[in-house]
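I opened the file to go through strands, sheets, loops and internal space in turn. My notes follow in the order in which I looked things up.

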Amino acid sequence: MEEEYKALFEISQDLLCIANVNGFFKKVNKQWSKKLGYTVETLTSQPFSNFIHQDDLQKTANEVTKLKEGKPSTLFENRYRKADGSYIWLEWSATFFQKTGDLFAIARDITEFKEDKNELETLVRELSKRNRQLEDFAYIISHNLRSPVSNIMMLSDFLKQNNPAPSQLEYIDLLENSSLTLNETLRQLVRTVQINRKVNIKKQHVDLSQTLESTKRHLNQMITDNNAHIIADFTQVPTIKYSRTYLENIFYNLVSNAIRYRKPDINPVITITSERTGAKTKLHFTDNGLGIDLERYGHKIFGLKNTFHDHPDSKGFGLFITKSQINALGGAITVESKELKGTTFTIDI
């Protein structure tokens, strides 16, 4: 049996060791030499503290003291110096044998994990900083421009009421339309900033069928005028925990878009289904409309003020706001489409 333990000790891919209370390794397996680049003699001939990063010495000493008091050590981390002068991160599990006064420990190299974690944390901090800067910039710009735009709208209205000449009226109309468009852009920009800044969005159990019925009521005239047919199947997932306001807005934007971008002379058919995939819920919105050339426009389909068809009501806000609301609740939206073959939007809840 002792020979089997010795064999297991040597073939383990983790770093195994036995150390005494004086702070020396009594025995180490071959993984120590493989990972650190020292010979077994070098590792066992001097205190193991000589290999520990200076910043980790005190916390390692505290951990050894805890072990001697009979408290096991798990998931303890410190850095060990390699023969080339670089350091690796080790995660330890150790126990103290009172009878022999020895420490038995297993260490795992977690250097790659720590580096990935640090890189990710740095990236998250940088992205958060840039996001805050963009939000502040958008808020300041929209706030500072809204007043001048309102003044322009009032001025154009005033000029219209003072019997301008026909040649002047054309320019006044252009001024009015431009100011209205700019005002709507600013309004949507402020709305998006508010969505992204909203941390605690109230969620509740929302019935999908009721949400669709509400959407139909709001779009009743549009549905009737275009002879649109909406098919829904929420059998798999009838309700979801979501923001009621956001979900109603998402349904409204996707359904109205499907009707707006219908094929000429073909009645729009929109199919909405819910699906359970593991722990996630998916909502699918499929139409038989004009479709989108994703090779040409796929990279900017959810961008602000982006439109892909010549339609008088196209403003380029709907999908931008929809994506912002879905992202704000930790979800995602994807699209599959081909020109003249219809479009499917899929929302991951």
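Entry 1, a strand pair. I looked up the pairing of β6, residues 204-207, with β8 and found it antiparallel, over 4 bridges. Gln204 has Tyr242 of β8 as its bridge partner. I note here that I am working on a predicted model.

I then checked which way the side chains of β8, residues 239-242, point. They alternate: Ile240 and Tyr242 are on one face and buried, whereas Thr239 and Lys241 are on the other face and not buried. Tyr242 thus appears twice in my notes, as the bridge partner of Gln204 and as a buried side chain of β8.

Entry 2, the mixed sheet. I traced an open sheet of 5 strands with mixed pairing, in the order β7-β9-β10-β12-β11. Its edge strands, each paired on one side only, are β7 (229-233) and β11 (332-338). I get an average twist of 15° from one strand to the next.

Within this sheet I looked at β7 and β9, which run parallel and are joined by 5 bridges. Ile230 has its bridge partner in β9, namely Ile270. Helix α7, residues 208-218, packs on the sheet and touches β7, β9 and β10 (280-287). I noted the direction of α7 at about 170° to that of β7. Helix α9 also packs on the sheet, in contact with β7, β9, β10 and β12 (342-348). The direction of α9 makes about 25° with that of β10.

Entry 3, the antiparallel sheet. I found an open sheet of 5 strands ordered β2-β1-β5-β4-β3, with antiparallel pairing. Here β2 (25-28) and β3 are the edge strands, each pairing on one side only. Neighbouring strands are turned against each other by 30° on average, direction ignored.

I followed the pair β4 and β5, antiparallel over 8 bridges. On that pair I recorded Phe104 of β5 as the bridge partner of Thr95. Helix α4 packs on this sheet and touches β3, β4 and β5. Its direction makes about 145° with that of β3.

Entry 4, internal space. How many cavities of 30 Å³ or more are there? The count gave me 1. I noted about 200 Å³ of space in the largest cavity. It is lined by 18 residues, and those closest to its centre are Val64, Leu67, Trp92, Ala94 and Ala105. The elements that give two or more residues to the lining are β1 (15-20), α4 (57-68), β3 (73-81), β4 (87-97) and β5 (102-109). I sorted the lining into 14 nonpolar residues, 3 polar and 1 charged.

Entry 5, positive phi. I looked for the backbone angle of Asn163 and found a positive phi of about 45°, although Asn163 is not a glycine. Asn163 is in the loop between α5 (111-160) and α6 (166-197). Is Asn163 buried or exposed? With a relative accessible area of 72%, Asn163 is exposed.

Asp265 also has a positive phi, near 65°, and is a residue other than glycine. I placed Asp265 in the loop between α9 (244-260) and β9 (269-277). I entered Asp265 as exposed because its relative accessibility is 79%, and the cut-off for exposed is over 50%.

Technical notes: Residues are numbered from 1 along each chain as its sequence is written. This is a predicted model: local features need pLDDT of at least 70, side-chain atom pairs count only at pLDDT 80 or more; totals for chains, interfaces and linings use all residues. Side-chain values use heavy atoms; hydrogens and water are left out. On a 1 Å grid over the protein atoms alone, a cavity is a set of points where a 1.4 Å probe fits but cannot get out, and a pocket is an open set with protein on both sides within 12 Å along at least five of seven lines; lining residues have an atom within 4 Å of a point. Grid points are joined across faces, edges and corners, and a volume is the space filled by probe spheres set on the points. Ala, Val, Leu, Ile, Met, Phe, Trp, Tyr, Cys and Pro count as nonpolar, Asp, Glu, Lys and Arg as charged, and the others, Gly among them, as polar. Two strands pair if DSSP finds at least two bridges between them. Axes are lines fitted to C-alpha atoms, for helices over the stretch in contact, and angles run from 0 to 180 degrees between N-to-C directions. Contact means heavy atoms within 4.5 Å. Buried means under 20% relative accessible area, exposed over 50%, partly exposed in between (1.4 Å probe, protein chains only).
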